[in-house]
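Okay, thanks everyone, I'll keep this short. Let me put the thing up on the screen and we'll walk through it together.

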Amino acid sequence: MAETGKGVNAGKLASNVQKRITRAQEKMMQKLGKADETKDTAFEESVANFNKQMTEGTKLQRDLRAYLAAVKTMHESSKRLQDCLADMYEPDWFGKEEMDALAEDTDVIWDDFYQKLVDSALISMDTYMAQFPEIKARIAKRERKLVDFDSARHHFASIQKSKKKDEAKIAKPLALMEKAAPGWAQGIITAHQIAQTNLSRSQAEEELGKAQKVFEEISYDLQEELPTLWNSRVGFYVTTFQNVAGLEEKFHREMGKLNQNLFDIMTKLEEQRQANEAAANHNATAASESDTTTPASKTDTSATTPPNDATTVTNGSSDAEVPSGVAYKVKAMHDYAATDSDELDLKAGDIVLVLPFDNPDEQDEGWLLGVKESHWLVNKDLTAKGVFPENFTQRL
């Protein structure tokens with residue numbers, strides 16, 4: 001059994017070697033113009049389209065993988081940046097909890113974007129490209145079978161052409177041999193020679209038929225598949241880029257919302273910083289003024305007590321009752337001359353009742369809305385309100 005197997009393998013190897021030699025000889029003869037070559041213009045055009053489609057698909061696959069790698073890198077960079085901000089964000093800063101949640105949401109959106117790109121674009125891209133190697137191998141096989149067919153066709157034609165020459169060459173020698181042969185052998189030698197010639201011709205014709213059948217079968221399948229594959233590229237490109245564009249649009253829309261949230265948190269943090277800084281400045285100013293003022297004598301009541309017959313209040317009192325709707329009181333530390341009709345004129349020492357804005361969006365940064373307490377005490381209404389700069393006042 002082992003010896004038989006070795007014999008079969010050796011025979012197959014020898015046959016393959018002989019095929020390679022025959023093909024190489026046929027190609028050489030065709031290049032030298034000594035033998036014609038079977039041409040199929042339509043099929044050659046389909047093969048050119050196939051090679052173009054495969055080249056474009058390979059580039060698209062490579063660039064798509066590079067795009068996904070860049071998305072992953074951007075995700076990692078974004079996560080490190082968010083983590084850095086979260087680590088630096090102090091607990092008493094505005095929006096600490098919102099900032100932590102924002103970092104988590106950002107990470108989730110990046111993860112979702114990357115995974116959906118893989119699922120809807122890269123996997124389908126790999127599936128699309130997986131069909132090319134097998135078809136490419138069959139095209140190469142068809143080329144080999146075409147050479148075999150041409151070789152068999154030329155071999156058969158050569159035998160046909162040489163048959164008459166051989167018959168003429170052997171006719172005279174055979175006649176001499178038959179004359180010298182005994183009577184019973186008359187005609188046998190000639191018949192044998194003709195049979196040998198016919199056998200070679202029959203074998204060549206059979207080999208030509210087999211080579212033609214194999215070549216036509218593989219050509220037929222490819223002629224059906226290649227145009228279909230070529231036409232499929234447009235639909236594939238449309239689906240792929242629609243998926244990528246849709247995912248990008250959703251990603252940027254969701255990230256835009258988070259970025260707006262981050263911007264708002266940073267704005268509020270800056271407002272918090274400015275408010276703290278203003279309060280510190282006010283406290284420092286009040287302390288400075290307190291240090292530079294000579295206190296009145298306890299026995300000098302005229303310095304702290306208004307005259308008994310005083311009926312009009314000039315700038316209000318921090319101890320007066322606060323009417324409903326008033327948030328708190330402030331004291332003017334400096335004179336302020338109104339520059340617009342909706343502003344209050346202030347004199348240093350004026351007490352102002354601070355009111356909330358009807359529409360918070362109308363409040364400008366660093367400005368308050370209020371009514372002078374002196375007006376309230378006389379008129380008992382809050383209609384004479386106006387805006388004034390907060391940094392000219394000190395909260396009581």
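So, helix 3 has a bend in it, about 35°, and the bend is at Val118. Keep in mind that this is a predicted model. Now, how far apart are the end C-alpha atoms of helix 3? They're 49 Å apart, and since 34 residues at 1.5 Å each should span 50 Å, that agrees.

Staying on helix 3, have a look at Tyr128, which pairs with Phe236. The two rings are stacked, 4.0 Å centre to centre, with 5° between the planes. Tyr128 is in helix 3 and Phe236 is in helix 5, so this pair ties together parts that are 108 residues apart in sequence. Are these two buried or exposed? Tyr128 is buried, at 6% relative accessible area, and Phe236 is buried too, at 12%. The pair also belongs to an aromatic cluster, together with Phe50, Phe132 and Tyr237. Overall the model has nine aromatic pairs.

Phe50 brings me to the core. The largest nonpolar core has 37 residues, and Phe50 and Leu226 are the ones with the most contacts inside it. Which helices supply at least two residues each? That would be helix 2, helix 3, helix 4 and helix 5, with helix 5 giving the most, 13 residues. As for Leu226, leaving out anything up to four places away in sequence, its contacts are Phe43, Ser46, Val47, Phe50, Ile135 and Ile139.

Phe43 has another partner, by the way: the charged end of Arg142 sits over its ring, 3.6 Å from the centre. You get a second case of this with Arg395, whose charged end is over the ring of Tyr328, 3.7 Å from the centre.

Back to helix 2 for a second, for Met54. Met54 comes out at 16% relative accessible area, and the cut-off for buried is under 20%, so we call it buried. What does Met54 touch, not counting residues up to four places away in sequence? Met129, Phe132 and Lys136. And its C-alpha is 9.7 Å from that of Gln131, although those two are 77 residues apart along the chain.

Last one, and it's an oddity in the backbone. Lys380 isn't a glycine, yet it has a positive phi, about 55°. Where is Lys380? In the loop between helix 6 and strand 4. Lys380 is exposed, with a relative accessible area of 52%.

Okay, that's me done.

How values were computed:
Residues are numbered from 1 along each chain as its sequence is written. This is a predicted model: local features need pLDDT of at least 70, side-chain atom pairs count only at pLDDT 80 or more; totals for chains, interfaces and linings use all residues. Side-chain values use heavy atoms; hydrogens and water are left out. A nonpolar core is a set of buried Ala, Val, Leu, Ile, Met, Phe, Trp, Tyr and Cys residues joined through side-chain atoms within 4.5 Å. Buried means under 20% relative accessible area, exposed over 50%, partly exposed in between (1.4 Å probe, protein chains only). Helices (H or I, at least four residues) and strands (E, at least two) are DSSP runs, numbered from the N terminus. Contact means heavy atoms within 4.5 Å. The expected span of a helix is 1.5 Å times one less than its number of residues. The bend at a residue is the angle between axes fitted to the seven residues ending there and the seven starting there. Rings of Phe, Tyr and Trp (its six-membered ring) pair if their centres lie within 6.5 Å; planes under 30 degrees apart count as stacked, over 60 as edge-to-face and the rest as tilted. A charge sits over a ring if NZ of Lys or CZ of Arg is within 6 Å of the ring centre and within 35 degrees of the ring normal.
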